[in-house]
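Work through the exercises below with the sequence and the coordinates open. Try each task before reading its solution.

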Amino acid sequence: MVKALWNGKVIAESNRTEIVEGNHYFPIEDVRSDFIEPSDHKSSCPWKGVAQYYSVVVDGERNRDAAWYYADPKPAAKNIAGRVAFWKGVKVEP
């Protein structure tokens, strides 16, 4: 079971992650929706497409843009559609 933790809380937990470029992508249904909120930040990857972000919020503390996902990934990255990955201090433990 892979877990994503921040500020002492489990943000996501799954045994169905996809690993791309060293990042675990969690199915969105395995991410605690009470700990994420949409962000308007976006970035672009040449082979995955446009990434959109969530901020992680735990006990009133916000980790801005600490999670990302590809709402409409390019064909080469279709395996991460509907999945979320983490960074910026969110610890992912396999």
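**Exercise 1: the surroundings of one asparagine**

Leaving aside residues up to four places away in sequence, Asn 63 touches Trp 6, Ser 55, Val 56, Trp 87, Lys 88 and Val 90. The model is a predicted one. Place Asn 63 in its strand, then decide whether Asn 63 is buried or exposed.

Solution.
- Step 1. Find the element. Asn 63 belongs to strand β7, which covers residues 61-69.
- Step 2. Take the relative accessibility. For Asn 63 the value is 8%.
- Step 3. Apply the cut-off. Buried means under 20% relative accessible area.
- Step 4. Conclude. Asn 63 counts as buried because its relative accessibility is 8%.

**Exercise 2: the overall chain**

Describe the secondary structure and the dimensions of the chain.

Solution.
- Step 1. Count elements. The chain has zero helices and nine strands. In sequence order the pattern reads β-β-β-β-β-β-β-β-β.
- Step 2. Take the box. Along the principal axes, the C-alpha atoms fill roughly 35 × 30 × 20 Å.
- Step 3. Test the radius of gyration. A compact globule with 94 residues would have a value near 12 Å. The chain has 12 Å, so it agrees with that expectation.
- Step 4. Check burial and surface. Of the 94 residues, 44% are buried. The chain exposes about 5300 Å², and carbon and sulfur atoms supply 48% of that area.
- Step 5. Look at contact separation. Take the contacts in the chain with a separation of 6 or more: residues 24 or more positions apart account for 45% of them.

**Exercise 3: an open sheet**

Which strand order does the open sheet of three strands have, and which strands stand at its edges?

Solution.
- Step 1. Recall how a sheet is held. Strands of a sheet pair through backbone hydrogen bonds, either parallel or antiparallel.
- Step 2. Pair β1 with β2. Five bridges join these antiparallel strands. Leu 5 has Val 10 in β2 as its bridge partner.
- Step 3. Read the turn. Two residues separate β1 and β2 in their hairpin, and Asn 7 in the turn has a positive phi of about 55°.
- Step 4. Pair β1 with β9. Strand β1, residues 2-6, runs antiparallel to β9 and is joined to it by three bridges. Lys 3 stands opposite Glu 93 in β9.
- Step 5. Write the order. The sheet reads β2-β1-β9, with antiparallel pairing.
- Step 6. Name the edges. β2 (9-14) and β9 (91-93) each have a single partner strand, so one side of each lacks a neighbour in the sheet. From one strand to the next, the twist averages 20°.

**Exercise 4: strand β4 and its partners**

How many residues of strand β4 are buried, and with which strands does β4 pair?

Solution.
- Step 1. Count burial. Strand β4 spans residues 23-27, and four of its five residues are buried. The strand is therefore largely enclosed by the rest of the structure.
- Step 2. Take β3. Strand β3 (residues 18-20) pairs with β4 over three bridges in the antiparallel sense. Ile 19 stands opposite His 24 in β4.
- Step 3. Read the hairpin. β3 and β4 have two residues between them, and Glu 21 takes a positive phi near 50°.
- Step 4. Take β8. Strand β8 (residues 83-86) pairs with β4 over two bridges, again antiparallel. The bridge partner of Pro 27 in β8 is Arg 83.

**Exercise 5: aromatic pairs**

How many aromatic pairs does the structure hold? Work out the geometry of the Phe 26 and Phe 86 pair, then that of Tyr 54 and Tyr 69.

Solution.
- Step 1. Count. There are four aromatic pairs.
- Step 2. Take Phe 26 and Phe 86. Their centres are 5.7 Å apart, with 70° between the planes, and the pair is edge-to-face. Phe 26 lies in β4 and Phe 86 in β8, so the pair ties together parts 60 residues apart in sequence. Both Phe 26 and Phe 86 are buried.
- Step 3. Take Tyr 54 and Tyr 69. This pair is stacked, at 4.8 Å centre to centre and 25° between the planes. Tyr 54 sits in strand β6 (residues 49-58) and Tyr 69 in strand β7, 15 residues apart. Tyr 54 and Tyr 69 are both buried.
- Step 4. Add the cluster. Tyr 25, Trp 68 and Trp 87 form one aromatic cluster.

Conventions. Residues are numbered from 1 along each chain as its sequence is written. This is a predicted model: local features need pLDDT of at least 70, side-chain atom pairs count only at pLDDT 80 or more; totals for chains, interfaces and linings use all residues. Side-chain values use heavy atoms; hydrogens and water are left out. Two strands pair if DSSP finds at least two bridges between them. Axes are lines fitted to C-alpha atoms, for helices over the stretch in contact, and angles run from 0 to 180 degrees between N-to-C directions. Buried means under 20% relative accessible area, exposed over 50%, partly exposed in between (1.4 Å probe, protein chains only). Contact means heavy atoms within 4.5 Å. The radius of gyration is taken over C-alpha atoms; the globule rule is 2.2 Å times the number of residues to the power 0.38. Accessible areas come from the Shrake-Rupley method with a 1.4 Å probe; for residues, only the protein chains shown count as cover. Rings of Phe, Tyr and Trp (its six-membered ring) pair if their centres lie within 6.5 Å; planes under 30 degrees apart count as stacked, over 60 as edge-to-face and the rest as tilted.
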